[in-house]
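Biologist: Got a minute to go through this model with me? I'd like to talk about charges and burial.

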Amino acid sequence: MTFEEILTNDDLLDAIYDMHYDKCTPIQEKAIPEALKGKDIMAMAQTGTGKTAAYLLPVIEMLINDDYPQDRVNCVIMAPTRELAQQIDRLLEGFSYYLPITSLPIYGGTDGKTYVQQRKGLKNGADIVIATPGRLLSHINMGYVDLSKVSFFILDEADRMLDMGFLDDIMNIIGKLPIKRQTMMFSATMPDNIKKLANKILNKPSLIQLAVSKPAEKINQLAYVCFERQKASLLKSIFEKETPLKAIVFASSKLKVKELSKTLRNKKYQVEEMHSDLNQNERDNVMLDFKSGRINVIIATDILSRGIDIDNIETVINYDVPRDQEEYVHRIGRTARADKEGTGITFVNEKEIRKFKSIEKFLGKEIIKCNLPDGMEPGPEYEVSEKKNKNPRKFNKKRYNSGVKKNQKLNP
């Protein structure tokens, strides 16, 4: 389907084709017509499927074709990170190049001058505000933000926002919006907390669910089956053999990120870390150093698995197996971008085998298992343990009679 079949504004279509958008992606083909009908939308779509255009294009068309106030905020787009907000704003600038659409990015990590500009923009009104929850809420709490005329409210990467603890901020912001509005939620996954949020804020939504896409064929996917205690040595061995020009190592916790970063720095590697303990300026400096080549390795939590746009990352290493197949696709999808080749490596410890097998089942193939480096003890067998608890705790009649009520949980 082409954009001319679903959009009518010639200036918008000119901008779309100037940006080399030729045909609709599946999410755009399904979401844009529903949005133009004024319906709420609950869409499950990954990064890289064209979801940003799926909500920006219909909103732009509706703002141009109808009469909306010039001195109020008409649309609020929520994004979990500054990086994603910046990407949305850049795309919006391209789509609205020939149109009198005003936009205002609102995020933290800026100087006082930028904060004043954000305040002025919010007071004067803007067609589309693209904001991170915390920074928008800080402006709202100052008392000069009027969201009473908002017609469109969009949550991008809703699952990630909830993972980052923004639920209370989001609900606080929603409380400032008019009840009569069009709301769209986009999420890569659909856990129970996303379903509950959708039930709260959406009104008879159109449900759009795309199958999770597979990793790019140009990604060489490999795995090492090892014991947890072997992972740090394995990582150092891989880097000693051939240090990539640019690599991201994903770990499951901030503590692991910090420990790995310290270990690699001690080995004189140019390494930085990325996690939620860093403020926005620190994160920006890490990304600038990474893009410029001053550092060649970032050790990160999943805060970096989405919302970054760097085309020359050669290698992604999953120090820990991702929590699910969607996160696996997001992580290794940081490499092999812009038609380049890349490598995705996963370390699988003795307790992660079942989880990794489920990822292989989703991929429809078995990932190549590499031999551990010479000098390392053999890793565990790549088999799912079927051990059962041979000594289940027996009912403690004495403890029950001593005052524990029926169905009350016993403390071990």
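Biologist: Is Lys369 buried, partly exposed or exposed?

Modeller: First the ground rules: this is a predicted model, where local features need pLDDT of at least 70, side-chain atom pairs count only at pLDDT 80 or more, and totals for chains, interfaces and linings use all residues. Residues are numbered from 1 along each chain as its sequence is written, and side-chain values use heavy atoms, with hydrogens and water left out. Buried means under 20% relative accessible area, exposed over 50%, and partly exposed in between (1.4 Å probe, protein chains only). Lys369 comes out at 26% relative accessibility, so it is partly exposed.

Biologist: Which residue forms a salt bridge with Lys369?

Modeller: A salt bridge here is a side-chain nitrogen of Lys or Arg within 4 Å of a carboxyl oxygen of Asp or Glu. For Lys369 the closest N and O atoms of the pair are 2.6 Å apart. The partner sits in helix α14 (residues 353-363), helices being DSSP runs of H or I with at least four residues, and strands runs of E with at least two, numbered from the N terminus. That partner is Glu360.

Biologist: And is Glu360 buried or exposed?

Modeller: Contact means heavy atoms within 4.5 Å. Leaving aside neighbours within four places in sequence, Glu360 is in contact with Lys365, Glu366, Ile367, Lys369 and Tyr382. Its relative accessibility is 7%, so Glu360 counts as buried.

Biologist: How many residues apart in sequence are the parts that Lys256 and Asp320 tie together?

Modeller: Those two form a salt bridge, with the closest N and O atoms 2.7 Å apart. Lys256 lies in helix α11 (residues 254-266) and Asp320 in the loop between β12 (315-318) and α13 (325-332), so the parts they tie together are separated in sequence by 64 residues.

Biologist: Which residues are joined with Lys256 and Asp320 into one network?

Modeller: The structure holds 22 salt bridges. Some of them share partners, and that joins Lys256 and Asp320 with Glu228, Lys231 and Glu352.

Biologist: What about Asp277: which residue does it pair with in a salt bridge?

Modeller: The closest N and O atoms are 2.7 Å apart in this pair too. Asp277 lies in the loop between β10 (271-274) and α12 (280-292) and its partner in helix α11, so the pair ties together parts 19 residues apart in sequence. Asp277 is partly exposed because its relative accessible area is 44%. The partner is Lys258.
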